[in-house]
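Here are a few exercises to work through with the structure open beside you. Try each task before reading its solution.

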Amino acid sequence: MKSIFCYIAFITLLSCSKNSADNENCRFLLDLGVNVNINLSLPQYSQLPFAGNSVYIPNAGNAGIIVASTGADFFAWDASDPNHVPSACSALTPTGLEGTCGCEDKNKYSLITGQPLGSNSLPCGLKNYRVEKNGNNLLIFN
């Protein structure tokens, strides 16, 4: 019985694919502690509960945090383009449910899935953070 269990465990480990965090090209961002609380009643966040909106929160993560809303769920992402070494241009600007890098290549990302958009074959998706809704507050953390 032990040998069957060991065999299954070994096959499972072999079948696991690498995610973007294991990709050598996806190690530009620092693994910083994030613990942000936003009140959805404040004017700067008043549009966030409605589907298709996003907001930028400065001074957290690598280049700020972007929070996006589908109307039912909230998603939080690091605002730094993971396919660039952090620089003045690598911060993303949110527009609806997309984030666009300020660098010359204008990389675009989905703020729902965190994956690159367009025909570019970018190896890294956005770094996400956990979001919990507590009453009228969103807790964003890792």
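A disulfide here is a pair of cysteine sulfur atoms within 2.5 Å. You are looking at a predicted model, in which local features need pLDDT of at least 70, side-chain atom pairs count only at pLDDT 80 or more, and totals for chains, interfaces and linings use all residues. Residues are numbered from 1 along each chain as its sequence is written, and side-chain values use heavy atoms, with hydrogens and water left out.

**Exercise 1. Overall layout**

Task: describe the order of helices and strands in the protein, and find what share of its residues is buried.

Solution. Start with the elements: helices (H or I, at least four residues) and strands (E, at least two) are DSSP runs, numbered from the N terminus. The protein has one helix and ten strands, and along the sequence they read α-β-β-β-β-β-β-β-β-β-β.

Next, apply the burial classes: buried is under 20% relative accessible area, exposed is over 50%, and partly exposed lies in between (1.4 Å probe, protein chains only). By that rule, 34% of the 142 residues are buried.

**Exercise 2. The disulfides**

Task: find which cysteines are joined, and work out the handedness of each link.

Solution. A search of the whole structure gives two disulfides. Take Cys 26 and Cys 124, whose sulfurs are 2.0 Å apart. Cys 26 sits in the loop between α1 (2–15) and β1 (35–39), and Cys 124 in the loop between β8 (116–117) and β9 (128–134), so this pair ties together parts 98 residues apart in sequence. The torsion about their S-S bond is about -100°, so the link is left-handed. Both ends are buried: Cys 26 has 17% relative accessibility, and Cys 124 has 1%.

Now turn to Cys 89 and Cys 103, also joined with an S to S distance of 2.0 Å. Cys 89 lies in the loop between β4 (74–78) and β5 (92–95) and Cys 103 in the loop between β6 (98–101) and β7 (108–110), so the bond connects parts 14 residues apart in sequence. With 80° about the S-S bond, this link is right-handed. Cys 89 is partly exposed at 30%, while Cys 103 is buried at 5%.

To finish, count the bonded cysteines along the chain: the pattern is 1-4, 2-3.

**Exercise 3. A cysteine left out**

Task: explain why Cys 101 has no bond to Cys 103.

Solution. Cys 103 holds the closest cysteine sulfur to that of Cys 101, but at 3.6 Å it is too far for a bond. Cys 101 is itself buried, at 1% relative accessible area.

**Exercise 4. The setting of Asp 81**

Task: which residues does Asp 81 touch, and where is the nearest side chain of opposite charge?

Solution. First place Asp 81, in the loop between β4 and β5. Then list its contacts (heavy atoms within 4.5 Å): beyond four places in sequence, Asp 81 touches Leu 29, Ser 90, Leu 92, Cys 101, Asn 107 and Tyr 109.

Check the charges next. Lys and Arg count as positive and Asp and Glu as negative, while His and the chain ends are not counted. A salt bridge needs a side-chain nitrogen of Lys or Arg within 4 Å of a carboxyl oxygen of Asp or Glu. Asp 81 is buried yet has none, and Lys 106, the nearest side chain of opposite charge, is 10 Å away.

Finally, look at the backbone: a polar atom of the Asp 81 side chain lies 2.8 Å from the backbone nitrogen of Asn 83.

Definitions and conventions. Polar contact = N/O pair within 3.5 Å; in protein donor to acceptor, adjacent residues only side chain to side chain.
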